Amino acid sequence: MLGRRRRRHDNNYIYIHNYHYGTAQRLSQFLPARSSELAVDGSETVLGGRYADLEPLCPIPAIICIGATTIRPMTTLTEPWLYAWPQSVVAGETVGMRVAGPPGPGELRIHRVGLHRERVWSGNIVIEPHDLPEDAAPHGCPWPDSATVEVLAEWRSGYYEVSLLTAAGFRHEAVGFFVVRSTEPDPSRPLLVLTTNTWNAYNDFGGRNLYSRGTRVSFARPLAPGYLRKPDGPGSRVAVVDAPDPAMRAHVRYLREHGQSDWAGSAGWPNAELPFVRWAEECGYELDYAINADLELVPGLLDGRSLYLSVGHDEYWSWEMRDAVESFVAGGGNAVFLSGNTSFWQVRLEDDGSAMIGYKDQFAKDPVFGTDRQHLLTSMWSDHLVERPENQMTGVTFSRGGYHRIGRAVGNGAGGYTVYRPEHWVFEGTEVVYGDLIGAAAVTVGYECDGCDFTMRDGLPHPTGSDGTPADFEILGMTPARPFGRDNSPRGVPDGARSECEFIAWRVLGSETSEDVARFEHGHAMMGIHQPGGTVFTAGTTEWAWGLANRDATIERITRNLIDRLSTA
């Protein structure tokens with residue numbers, strides 16, 4: 001099928017991206033739009049947007065993705081792909097390795113990945129040429145198992161990478177993953193719950209993700225390039241490290257040069273969990289692992305535990321996930337959110353957890369809209385129709401945060417926190433004092449950030465509670481953040497459309513007057529703590545793990561204080 005779009009902007013660029021990378025050569029590159037017409041042969045392409053500043057179609061997640069068009073995919077895979085199913089298992093259970101691609105021999109390898117790569121299994125298979133379903137993105141890839149592997153008792157809880165090697169010269173190794181849970185929880189081991197709902201929301205393998213007008217995304221399919229592996233290098237982080245970079249050229253260049261998904265900077269194992277795990281294991285901490293869906297689908301997952309951990313970009317939560325964590329904390333358990341944009345959107349799991357529903361800005365199409373189940377609406381948790389703001393759990397919300405070191409949203413910001421309560425036990429051993437800037441050298445604060453409505457009294461910030469933040473929430477440190485508005489949106493805001501900031505005001509308050517919108521235009525990333533039973537700490541940023549990876553001494557000591565104190569409580 002031939003995809004055509006006309007462009008007449010001599011100094012702009014068009015970004016062309018093949019959603020299904022295995023159908024043909026991936027057209028992930030910038031092309032000068034100096035001709036009046038551009039034609040692309042291929043079955044599935046996305047064209048559109050103005051790129052005078054070298055901005056890709058969607059380099060940064062926004063509430064509404066405008067201008068994307070998906071064309072029906074081809075079904076013949078020209079490269080091998082794989083995924084493991086199920087994604088979460090315990091010893092004694094089996095994992096299926098579902099592989100498709102050009103026929104031929106291949107070798108599957110399974111490694112436990114942490115500070116070191118430990119090979120636990122390998123085996124030869126014959127790759128079979130299964131088709132890619134037209135509805136792969138919403139309904140998955142029902143390929144048969146090319147191999148099944150039993151999880152042995154000696155396999156430690158952890159993240160396990162599955163890789164396929166062939167001799168055919170394909171441009172990438174096919175990669176998948178699964179998680180091994182512990183069969184006997186140890187209260188001294190924190191439970192790290194991987195942000196797999198967010199990985200799935202951004203995954204654009206086989207069609208639309210939740211940022212290109214999709215409303216259902218399947219876990220039972222491969223993850224696009226960049227979500228499970230990515231090389232180091234300038235621009236690998238979506239947060240701007242070498243500011244200023246208002247057009248985010250370094251990140252755009254990185255995605256293009258390494259053939260990664262446009263969304264690979266926003267979600268996936270290498271972006272936060274991997275650097276955190278490497279740091280934790282090097283420091284001698286033993287962790288147990290689970291995935292987001294386990295909070296809903298595995299009864300008693302948190303029983304007998306002391307500390308729940310969220311790391312990175314933990315954006316998508318179901319009602320049952322909230323129930324599990326909030327009940328755990330109310331019963332005396334502890335939760336540490338070294339994450340940002342945490343629990344911003346409500347989602348629902350379907351088909352035994354194999355798919356995720358998220359209507360987002362299309363919430364009026366959600367079947368529960370206007371019904372007695374409207375509390376399950378897949379809109380913002382802070383939506384006035386849902387009435388369960390996420391800051392009731394975490395203390396903070398993206399609605400009162402925004403972006404930091406992203407494009408023109410506090411693009412040249414400090415990258416760290418200003419300390420306000422240095423006497424708190426969280427800072428023990430750091431020697432910080434009031435007003436110190438911490439974490440800046442590593443850009444520990446960046447990308448998506450969470451805060452709360454607050455007021456200053458005698459030089460100290462105090463939450464107002466107007467947005468759902470608990471009265472006992474102590475703001476330990478903070479730095480400015482901003483959502484995307486009409487003045488700083490990376491793609492501009494088309495006539496008749498809402499900016500992200502306007503959308504937030506509309507959903508939180510039910511109104512979008514200029515006065516209402518102004519209430520959300522200036523936010524903060526906040527580090528804070530409260531005690532709804534057990535202790536809940538929040539970092540208020542997606543980038544905390546990079547403070548650890550870059551060995552920021554203060555960020556390391558704070559993290560040690562949290563784990564040491566809360567995993568033994």
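Okay, one definition before anything else: when I say buried, I mean a residue with under 20% relative accessible area. And keep in mind that this is a predicted model.

With that in hand, let's start on helix α3, residues 249-257. Which residues of α3 are buried? They are H251, V252, Y254 and L255. If you look down the axis of α3, those buried residues sit within an arc of 160°, so they line one face of the helix. Then, just after α3, you hit G259, which has a positive phi of about 65°.

Right, on to the sheets. A quick reminder: strands in a sheet pair through backbone hydrogen bonds, and they can do that parallel or antiparallel.

One sheet is open, has four strands in the order β14-β20-β19-β17, and its pairing is mixed. Which strands are at the edges? That would be β14, at 216-218, and β17, at 316-318, and each of them pairs on one side only. On average, neighbouring strands in this sheet are turned by 40° against each other, ignoring direction.

Zoom in on β17 for a second. β17 runs parallel to β19, residues 345-350, and three bridges join the two. If you want a spot to click on, take S318, whose bridge partner in β19 is V347. Lying across β17 and β19 you'll find helix α6, residues 319-330, and α6 runs at about 80° to β17.

Now, this same sheet brings us to charged pairs. How many salt bridges does the model have? The count is 25. One of them is R216 with E350, where the closest N and O atoms are 2.7 Å apart. That pair links distant parts of the chain, since R216 belongs to strand β14 and E350 to strand β19, 134 residues apart. Are these two buried or exposed? R216 comes out at 15% relative accessible area, so that one is buried. E350 is at 31%, so it counts as partly exposed.

Here's another one I like: D288 and R305, whose side chains meet in a salt bridge at 3.0 Å, N to O. D288 is in strand β15, residues 288-291, while R305 is in the loop between α5 (292-297) and β16 (307-313), so the pair ties together parts 17 residues apart in sequence. D288 has 2% relative accessibility, so it counts as buried. R305 has 9%, and so it counts as buried too. And there's a wider network of salt bridges here, linking D186, R189, D288 and R305.

For a third pair, go to E512 and R498, with their closest N and O atoms 2.8 Å apart. E512 sits in the loop between α8 (500-509) and α9 (514-518), and R498 in the loop between β27 (474-481) and α8, 14 residues apart. E512, at 33% relative accessibility, counts as partly exposed. R498, at 29%, is partly exposed as well.

I just mentioned β27, so let's stay there. Six of the eight residues in β27 are buried, so the rest of the structure largely encloses this strand. Which strands does β27 pair with? There's β22, residues 417-419, antiparallel over two bridges, with V419 standing opposite G477 in β27. And there's β28, residues 523-530, also antiparallel, joined to β27 by seven bridges. In that pairing E474 stands opposite I529.

One more sheet. This one is open with five strands, in the order β6-β12-β11-β8-β9, and again the pairing is mixed. β6 (88-89) and β9 (117-127) are the edge strands with a single partner each, so one side of each has no neighbour in the sheet. β9 pairs with β8, residues 104-113, in the antiparallel sense, over 10 bridges. Within that pairing, V113 has R117 of β9 as its bridge partner.

Last stop, cysteines. How many disulfides does the structure hold? Zero. For where two of the cysteines sit, C283 has a relative accessible area of 18%, so it's buried. C452 is buried too, with just 3%.

That's my tour, thanks for listening.

Definitions and conventions. Residues numbered from 1 in each chain as written. Predicted model: local features only at pLDDT ≥ 70, side-chain atom pairs only at ≥ 80, totals over all residues. Heavy atoms only, no water. Pairing = 2+ DSSP bridges. Axes fitted to C-alpha atoms, helices over the stretch in contact; angles between N-to-C directions. Contact = heavy atoms within 4.5 Å. Disulfide = S-S within 2.5 Å. Buried < 20%, exposed > 50% of the residue type's maximum accessible area, 1.4 Å probe, protein only. Arc of directions from axis to C-beta. Salt bridge = Lys/Arg side-chain N within 4 Å of Asp/Glu carboxyl O.
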